[in-house]
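Reader: Please give me a close look at a single part of this protein. Start with a few individual residues if they help, then stay with one element of the fold and its surroundings. Keep it brisk.

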Amino acid sequence: MIITKTPFRISFFGGGTDIESYFKKYEGAVLSTTFDKYCYVTVRHLPRFFSYSTELTYSDIERINSIDQIQHPAIRNAMKMLDMHEIRLTYEADLPAKSGLGTSSSFAVGMLNAFYALKGKYIDKKELANKAIYLERVLCNEAGGWQDQIAAAFGGLNKIQFSPDGYEVRPIIIPTDRKELLNKNLMMFFTGFTRFSNAIQQKNNLTAKDKVKQLQEMYSLVDIAEKILTDETAELDEFGCLLDYTWKLKRQTGSAISTNYIDSLYTKGIAAGALGGKLLGAGGGGFIIFYVQPEKQNFVKKAMKDLLYIPFKFENNGTQVIHYTPETYEPAENCKEDWN
């Protein structure tokens with residue numbers, strides 16, 4: 001039996017520039033962190049006592065006898081890609097899916113990590129991220145960027161640089177107390193909506209010519225944000241003000257980014273004392289974060305009293321195998337030959 005634990009991510013700056021069709025031409029970068037809310041994937045070989053050969057439990061339950069019967073596209077394609085058979089897979093998570101935290105990519109990374117472990121194989125973080133990108137963007141043909149899979153695999157507070165040659169993960173090196181202060185100044189709330197990032201990406205069409213100028217400016221903000229964090233003489237509050245700027249900029253990149261309700265929440269947060277904030281993920285709902293100085297956080301909580309407040313802490317590990325019990329597996333056809 002294998003259990004993997006994979007973090008979700010918060011993307012601060014550069015979202016949209018991680019889409020392959022964009023960064024192959026213009027280059028891109030994102031600044032993001034993973035935090036201590038996770039998805040867990042448990043995988044084992046299913047004992048041969050049932051009328052079905054594979055059981056999958058996520059928001060639905062599938063019991064099937066052929067991989068082609070699997071309704072969940074990521075599971076179906078991952079099992080085909082790695083030649084997985086006769087398994088029981090269970091998914092559970094600390095936070096809801098389709099909410100702007102890269103949950104589907106965290107699941108893809110955690111699932112692939114578990115599949116490799118079940119086969120007794122080690123896969124390093126970069127190869128794991130690459131496999132998850134291939135699974136979601138190529139095999140499942142889902143629109144979107146590369147940052148979520150990379151963040152889930154590597155973990156930590158990073159600048160991820162994209163170019164025609166691929167990507168490079170560069171950890172943001174700052175003093176512990178400065179990083180802790182950044183963490184303390186961030187507040188997360190659940191708006192109550194969930195949505196499919198894939199659909200938002202397609203509707204916004206972020207790589208269209210009329211969006212390139214905005215995306216290039218969003219790309220430039222990544223270096224500015226990194227400098228604020230790493231320059232100890234810089235006021236950390238500038239990071240919050242920059243979040244406000246990038247939120248307004250991102251609002252120009254697509255009609256599906258926000259709604260009147262989300263706009264009203266953001267306005268309330270700023271009026272209550274937040275220096276900046278943003279809706280996480282592709283837009284349209286999910287989680288929203290604010291940068292708020294400690295003395296004003298109670299005012300923001302009061303302004304957001306109808307929303308669920310989610311305390312969180314940064315994490316640095318990325319996906320992990322937290323339980324490993326090796327299993328011996330013989331394909332069913334081999335066993336039938338032995339019986340005969």
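Author: Start with Glu 27, which at 34% relative accessibility counts as partly exposed. Keep in mind that the model is predicted. Glu 27 sits in the loop that runs between helix H1 (20-26) and strand E2 (28-45). Its backbone deserves a look. Glu 27 is not a glycine, yet its phi is positive, at about 70 degrees.

Now turn to Glu 86. Glu 86 is not a glycine either, and its phi is also positive, at about 55 degrees. Glu 86 belongs to the loop between helix H2 (73-81) and E5. Is Glu 86 buried or exposed? Its relative accessible area is 12%. The cut-off for buried is under 20%, so Glu 86 counts as buried.

Glu 86 also leads to a pocket. Together with Asp 83, Met 84, His 85 and Tyr 329, Glu 86 lies nearest the centre of the second largest pocket. In total, 18 residues line that pocket. Seven of the lining residues are nonpolar, six are polar and five are charged. The space in the second largest pocket comes to about 300 Å³.

Follow the chain into strand E5 (residues 87-93), where you find Ala 93. Ala 93 is partly exposed, with 31% relative accessible area. Leave aside residues up to four places away in sequence, and Ala 93 touches Phe 8, Tyr 38 and Cys 39. The C-alpha atom of Ala 93 is 7.9 Å from that of Lys 37, although the two residues are 56 apart along the chain.

Phe 8 comes up again with Thr 103. Thr 103 is part of helix H3 (residues 103-118). With the same sequence neighbours left out, Thr 103 touches Phe 8, Pro 96, Ala 97 and Lys 98. Thr 103 has a relative accessible area of 5%. Buried means under 20%, so Thr 103 is buried.

Now for the main part: an open sheet of four strands. In what order do its strands run? The order is E9-E10-E8-E11, and the pairing is antiparallel. Strand E9 (276-279) and strand E11 (308-309) are the edge strands. Each of these two pairs on one side only.

Take the pairings one at a time. Strand E8 (residues 186-190) and strand E10 (residues 287-291) are joined by five bridges in the antiparallel sense. Met 187 faces Phe 290 of E10 across this pairing. Likewise, Phe 189 is opposite Ile 288 of E10. E8 also pairs with E11, over two antiparallel bridges. There, Phe 190 has Leu 308 of E11 as its bridge partner. E10 pairs with E9 as well, over four antiparallel bridges. In that pairing, Leu 279 is matched with Ile 288 of E10.

How many residues of E8 are buried? Five of the five are, so E8 is largely enclosed by the rest of the structure. Leu 186, Met 188 and Phe 190 are on one side of E8, with Met 187 and Phe 189 on the other. These residues are all buried, and both faces of E8 are covered.

E10 can be read in the same manner. Five of the five residues of E10 are buried, so E10 too is largely enclosed by the rest of the structure. Phe 287, Ile 289 and Tyr 291 point one way from E10. Ile 288 and Phe 290 point the other way, and all of these residues are buried.

What packs on this sheet? Helix H9 (residues 237-250) does, touching E8, E9 and E10. The direction of H9 makes about 40 degrees with that of E9.

Last, step back to the whole protein. The protein has 340 residues, of which 55% count as buried. Its fold holds 12 helices and 13 strands. Consider contacts between residues at least 6 apart in sequence: 75% of them join residues at least 24 apart.

Note on methods
Residues are numbered from 1 along each chain as its sequence is written. This is a predicted model: local features need pLDDT of at least 70, side-chain atom pairs count only at pLDDT 80 or more; totals for chains, interfaces and linings use all residues. Side-chain values use heavy atoms; hydrogens and water are left out. On a 1 Å grid over the protein atoms alone, a cavity is a set of points where a 1.4 Å probe fits but cannot get out, and a pocket is an open set with protein on both sides within 12 Å along at least five of seven lines; lining residues have an atom within 4 Å of a point. Grid points are joined across faces, edges and corners, and a volume is the space filled by probe spheres set on the points. Ala, Val, Leu, Ile, Met, Phe, Trp, Tyr, Cys and Pro count as nonpolar, Asp, Glu, Lys and Arg as charged, and the others, Gly among them, as polar. Two strands pair if DSSP finds at least two bridges between them. Contact means heavy atoms within 4.5 Å. Axes are lines fitted to C-alpha atoms, for helices over the stretch in contact, and angles run from 0 to 180 degrees between N-to-C directions. Buried means under 20% relative accessible area, exposed over 50%, partly exposed in between (1.4 Å probe, protein chains only).
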